[in-house]
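Please open the model in your viewer and keep the selection tool at hand. We will walk through it stop by stop.

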Amino acid sequence: MSDAAAAPAGSADAESSAARYLRQQLMESGHERPEGDMCPICFDLIELPTNKHSTFNTCCMKRVCTGCFLVARQRGLRGCPFCRTPLPTDNASALSMIQKRVSKGDAEAIKVLGEQYCFGRLGVAKDVTQAIELWTEAAELGSLDAHYELGRLYYQGKGADEDKPRSIHHWQQAAMKGHVECRHNLGAVEYENGHHQLAVQHWMISAKIGDEDSLNNIKDMSKDGWATKAQYAEALLGYRDAVEEMKSPQREEAKRLRG
């Protein structure tokens, strides 16, 4: 057999080996949520979804849990509970805070500025191309949420050319560092492609770190015979443990007051 004829087979073997290695890395890493998911005041992981159980502050790019936010208000603090900066009073002042952090190379600020361009918020004209550039920069600087947003855009093909391999790559990078939504989405991709066992493996990981949607998917798959009852029981136990660790009297009081 000539070298030219042998090359494709060797290339395919290399690709297969690389794919197996990536899959192993995916399943062995990202079993704990990232440090950025912790409240910077009480140092406990914020409940999921984080947007519902915390307040994001543009002044310092920190997400403060509802419990600590409530305590701050009860003590009379009206500014940011973390850095004490007065909260922005209008779009211009909020945008100025973001841009100030962007100028210092803050990855999360760059990601947040990308959101303003993507959705046309805070008086910024909608420009998805600019949003992609900002998110790409933020992802390179370590923003897991930027990876998530890029993956979402490329997967859906809304505002950017559809590029599912690129989308999946971004989600993989963040999932290996504990990003829950990216891990959940990887499970959904595998499910859509008919790889049910891989989907279960991804959702087992995200369920055990507190994702209810992943837990429910495993429950449904156990009914359909794609997951075992033992897998669902394991996921349920891990989910309950994760949720319990995120509770606090202050957070429960905030929930009660919110109704």
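The tour goes from model confidence to the cores, then to the aromatic rings and the charges over them.

**Stop 1: confidence.** Colour the chain by pLDDT before anything else, since this is a predicted model. The chain has a mean pLDDT of 93, with 94% of its residues at 70 or more. Now select residues 1–12, where pLDDT stays under 50. For this stretch the model has one contact beyond four places in sequence.

**Stop 2: the largest nonpolar core.** Select Ile132, Trp135 and Leu150 and show their side chains. This core has 21 residues, and these three touch the most other members. Next, colour helix 3 (91–102), helix 4 (107–119), helix 5 (128–140) and helix 6 (144–156), the elements that each give two or more residues to the core. Which of them gives the largest share? It is helix 5, with seven residues.

Stay with Leu150 and display what surrounds it. Leaving aside residues up to four places away in sequence, Leu150 touches Ile132, Trp135, Thr136, Ala139 and His170.

**Stop 3: a second core.** Move on to Ala227, Tyr239, Val243 and Met246. They are among the 16 residues of a second core, separate from the one you just left.

**Stop 4: aromatic pairs.** How many aromatic pairs are there to find? The count comes to two.

For one of them, select Tyr155 and Trp171. Their rings are 5.3 Å apart centre to centre, with 35° between the planes, and the pair is tilted. Zoom out a little and you will see that the pair links distant parts of the chain: Tyr155 belongs to helix 6 and Trp171 to helix 7 (residues 164–175), 16 residues apart. Both Tyr155 and Trp171 are buried.

Then select Tyr191 and Trp203. The ring centres are 6.1 Å apart and the planes meet at 35°, so this pair is tilted. Here, too, distant parts of the chain are linked, with Tyr191 in helix 8 (residues 180–192) and Trp203 in helix 9 (residues 196–208), twelve residues apart.

Switch on a surface for these two residues. Is Trp203 buried or exposed? Trp203 is buried, because its relative accessible area is 3%, under the 20% cut-off. Tyr191 has 35% relative accessibility, so it counts as partly exposed.

**Stop 5: charges over rings.** Go back to Tyr155 and add Lys164. Lys164 lies over the face of Tyr155, at 4.5 Å from the ring centre. For the last selection, pick Phe56 and Lys111: Lys111 lies over the face of Phe56, 5.9 Å from the ring centre.

How values were computed:
Residues are numbered from 1 along each chain as its sequence is written. This is a predicted model: local features need pLDDT of at least 70, side-chain atom pairs count only at pLDDT 80 or more; totals for chains, interfaces and linings use all residues. Side-chain values use heavy atoms; hydrogens and water are left out. pLDDT is the predictor's confidence in each residue, from 0 to 100. Contact means heavy atoms within 4.5 Å. A nonpolar core is a set of buried Ala, Val, Leu, Ile, Met, Phe, Trp, Tyr and Cys residues joined through side-chain atoms within 4.5 Å. Buried means under 20% relative accessible area, exposed over 50%, partly exposed in between (1.4 Å probe, protein chains only). Helices (H or I, at least four residues) and strands (E, at least two) are DSSP runs, numbered from the N terminus. Rings of Phe, Tyr and Trp (its six-membered ring) pair if their centres lie within 6.5 Å; planes under 30 degrees apart count as stacked, over 60 as edge-to-face and the rest as tilted. A charge sits over a ring if NZ of Lys or CZ of Arg is within 6 Å of the ring centre and within 35 degrees of the ring normal.
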